[in-house]
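Thanks for making the time this morning. I would like to walk you through one structure, so please have a look at it before I go on.

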Amino acid sequence: MQRIASQITLPVNLIFLSLIPSIVLADNSTPEDYLANKPLVLEVRYCECQATKPDSLPSDILPSFLEESRLLRVSVSSKDKGFASSSELSIGYELKPIMGSSDQFQFNYAGNYTTSNGRSAGNGELLLVQGQWVNLFGSQHENETGSQHNNVAVRLANPIGS
């Protein structure tokens with residue numbers, strides 16, 4: 001009986017030991033190793049704060065918004081369609097290059113942002129210029145303590161040095 005048990009144990013142990021090198025090698029990868037054929041990164045910033053001054057362009061993002069906001073990064077190709085989410089934000093997107101331009105893209109989106117003060121949502125289509133932040137959607141509420149803002153902004157960046 002003991003001989004049968006040792007005959008079964010040996011192959012099981014060999015299988016387990018053969019898996020160890022692949023487990024060790026998996027630890028050596030970095031997140032950037034998974035960018036593959038997606039040469040761009042869609043950066044989505046969201047915050048319970050003001051993104052732009054009143055009456056300013058959607059691309060005139062305040063430095064304080066960039067400092068205070070959370071960042072969600074998704075690797076994308078120049079023509080891509082996808083979905084990204086965090087615990088507070090979900091966004092679906094479609095990216096299409098503009099013919100004759102290497103840094104301009106048609107960007108279609110639909111998103112929801114849930115905050116401690118409620119929920120905002122937006123959808124639309126806009127021209128996205130690589131490297132330029134654009135405020136997508138948000139809200140402002142007045143209460144006894146002042147204005148409460150929440151905003152979502154995006155940009156396309158290069159994966160390295162963005």
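Let me begin with two residues, Tyr109 and Phe137, both of which are buried, and let me say at once that what you see is a predicted model. Buried here is a matter of a cut-off, namely a relative accessible area under 20%.

How are the rings of Tyr109 and Phe137 arranged, and what are the distance and angle of the pair? They form a stacked aromatic pair, with 6.4 Å centre to centre and 10° between the planes. This pair links distant parts of the chain, since Tyr109 sits in strand 5 and Phe137 in strand 7, 28 residues apart. If we add Phe107, ring pairs link Phe107, Tyr109 and Phe137 into a cluster.

In total the structure holds 3 aromatic pairs, and another one of them is formed by Tyr46 and Tyr113, which meet edge-to-face at 5.5 Å centre to centre, with 75° between the planes. Because Tyr46 belongs to strand 1 and Tyr113 to strand 5, this pair ties together parts that are 67 residues apart in sequence. Tyr46 has a relative accessible area of 6% and is therefore buried, and Tyr113, at 4% relative accessibility, counts as buried too.

Now to the nonpolar core. In soluble globular proteins, nonpolar side chains tend to be buried together. The largest nonpolar core here has 24 residues, and the members that touch the most others are Leu42, Val76, Phe107, Leu128, Leu136, Val152 and Leu156. At least two residues of this core come from each of strands 1, 2, 4, 5, 6, 7 and 8. Apart from this core lies another, of 7 residues, including Cys47, Ala51, Phe65 and Ala153.

Val152 is worth following a little further: leaving aside neighbours within four places in sequence, Val152 is in contact with Val44, Arg45, Tyr46, Leu89, Tyr113, Val134, Asn135, Leu136 and Phe137, a list that includes both tyrosines of the edge-to-face pair.

Finally, the sheet. Which strands make up the open sheet of 4 strands, and in what order? The order is 2-1-8-7, with antiparallel pairing. Strand 2 and strand 7 stand at the edges with a single partner strand each, so one side of each has no neighbour in the sheet. Neighbouring strands of this sheet are turned by 10° against each other on average, direction ignored. Strand 1 and strand 8 run antiparallel and are joined by 7 bridges, and Glu43 has Arg155, in strand 8, as its bridge partner.

Methods. Residues are numbered from 1 along each chain as its sequence is written. This is a predicted model: local features need pLDDT of at least 70, side-chain atom pairs count only at pLDDT 80 or more; totals for chains, interfaces and linings use all residues. Side-chain values use heavy atoms; hydrogens and water are left out. A nonpolar core is a set of buried Ala, Val, Leu, Ile, Met, Phe, Trp, Tyr and Cys residues joined through side-chain atoms within 4.5 Å. Buried means under 20% relative accessible area, exposed over 50%, partly exposed in between (1.4 Å probe, protein chains only). Contact means heavy atoms within 4.5 Å. Two strands pair if DSSP finds at least two bridges between them. Axes are lines fitted to C-alpha atoms, for helices over the stretch in contact, and angles run from 0 to 180 degrees between N-to-C directions. Rings of Phe, Tyr and Trp (its six-membered ring) pair if their centres lie within 6.5 Å; planes under 30 degrees apart count as stacked, over 60 as edge-to-face and the rest as tilted.
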